[in-house]
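Please walk through this chain with the model open beside the text. The aim is to go from the sheet outward to the annotated site.

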Amino acid sequence: MQDTFTEITPQQAWEMMQNEDAVLVDIRDAVRFSYSRPQGAFHLTNQSYGTFLDEYDYDEPIIVSCYHGVSSRNTAQFLVEQGFERVYSVKGGFEGWVRAALPIEQGY
């Protein structure tokens, strides 16, 4: 079991979502998340953490995304400390995702 997370590019994150059923969690605020987010993202907040624990297993790959790839590191490390085995942080965050022209969803 690793004791820290791994940083990956938005492209690697998308490939993992397609090929390994990785879960992408977006930790940005509700307004930004509701406006646009990576396709298939789970909105992880203090309020939704219980739902997250109910829906996902500790051995599933979890990818954390934020605005610019900074805050996601803290959340990724937190998830590792909670026992999640395969945790990743997206370099560049949502900005990087958009720059890479990866699929996004808009509105609720």
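The paragraphs below take up the domain record, the sheet, the helices packed on it, the annotated site, and two backbone details.

The coordinates are those of a predicted model. An unreviewed UniProt entry carries the annotation "domain: Rhodanese" for residues 18-106. Over residues 18-106 the chain is 37% helix and 25% strand. The C-alpha atoms at the two ends of residues 18-106 are 20 Å apart.

The sheet is a good place to start. It is open, has 5 strands in the order E1-E6-E5-E2-E4, and its pairing is parallel. E1 and strand E4 (42-43) are the edge strands, each pairing on one side only. In general, the strands of a sheet pair through backbone hydrogen bonds, in either a parallel or an antiparallel sense.

From the E1 edge, the order can be followed strand by strand. E1 and E6 run parallel and are joined by 3 bridges, with Ile8 standing opposite Val90 in E6. E6 is joined in turn to E5 by 4 bridges, and these two strands also run parallel. Here Ile63 stands opposite Tyr88 in E6. On its other pairing, E5 meets E2 in the parallel sense over 4 bridges, and Leu24 has Ile63 in E5 as its bridge partner. Ile63 therefore appears in both pairings of E5, opposite Tyr88 in E6 and as the partner of Leu24.How enclosed is E5 by the rest of the structure? E5 is largely enclosed, because 5 of its 5 residues are buried. Both of its faces are covered. Pro61, Ile63 and Ser65 are buried on one side, and Ile62 and Val64 are buried on the other.

Two helices can now be placed against these strands. H4 packs on the sheet and touches E1, E5 and E6. The direction of H4 makes about 175 degrees with that of E6. Helix H1 covers residues 10-19, and its buried residues are Pro10, Ala13, Trp14, Met16 and Met17. Seen down the axis of H1, these buried residues fall within an arc of 160 degrees, so they line one face of the helix. What do the buried residues of H1 pack against? They pack against strand E1 (6-8), E2, E5, strand E6 (86-90) and helix H5 (93-99).

The annotated site comes next. UniProt, in an unreviewed entry, places the feature "active site" at Cys66. Cys66 lies in the loop between strand E5 (61-65) and helix H4 (71-81). Is Cys66 buried or exposed? With a relative accessible area of 1%, Cys66 is buried, because the cut-off for that class is under 20%. Leaving aside neighbours within four places in sequence, Cys66 is in contact with Ile27, Arg28, Ser71, Ser72, Gly93 and Phe94. For a sense of scale, the C-alpha atoms of Cys66 and Glu15 are separated by 18 Å, and these residues are 51 residues apart along the chain.

One of the residues in contact with Cys66 is Arg28. Arg28 lies in the loop between strand E2 (23-26) and helix H2 (30-35). Arg28 counts as buried, at 4% relative accessibility. A polar atom of the Arg28 side chain lies 2.6 Å from the backbone oxygen of Ser36. Neighbours within four places in sequence aside, the contacts of Arg28 are Phe33, Ser36, Arg37, Pro38, His43, Cys66, Tyr67 and Phe94. Phe94 is listed among the contacts of Cys66 and among those of Arg28.

The backbone has two details to check. Most residues other than glycine have a negative phi. Asp21 is not a glycine, yet it has a positive phi of about 55 degrees. Asp21 comes just after H1, in the loop between H1 and E2. At 59% relative accessibility, Asp21 counts as exposed. Ala101 is not a glycine either, and its phi is positive at about 60 degrees. Ala101 has its place in the loop between H5 and strand E7 (104-106). Ala101 is exposed, with a relative accessible area of 67%.

To retrace the path in the model, begin at E5, which is largely enclosed by the rest of the structure. Then move to Cys66 in the loop between E5 and H4, and from Cys66 to Arg28, with which it is in contact.

Note on methods: Residues numbered from 1 in each chain as written. Predicted model: local features only at pLDDT ≥ 70, side-chain atom pairs only at ≥ 80, totals over all residues. Heavy atoms only, no water. Buried < 20%, exposed > 50% of the residue type's maximum accessible area, 1.4 Å probe, protein only. Contact = heavy atoms within 4.5 Å. UniProt positions renumbered as here; feature names shortened; annotations may be inferred. Polar contact = N/O pair within 3.5 Å; in protein donor to acceptor, adjacent residues only side chain to side chain. Arc of directions from axis to C-beta. Pairing = 2+ DSSP bridges. Axes fitted to C-alpha atoms, helices over the stretch in contact; angles between N-to-C directions.
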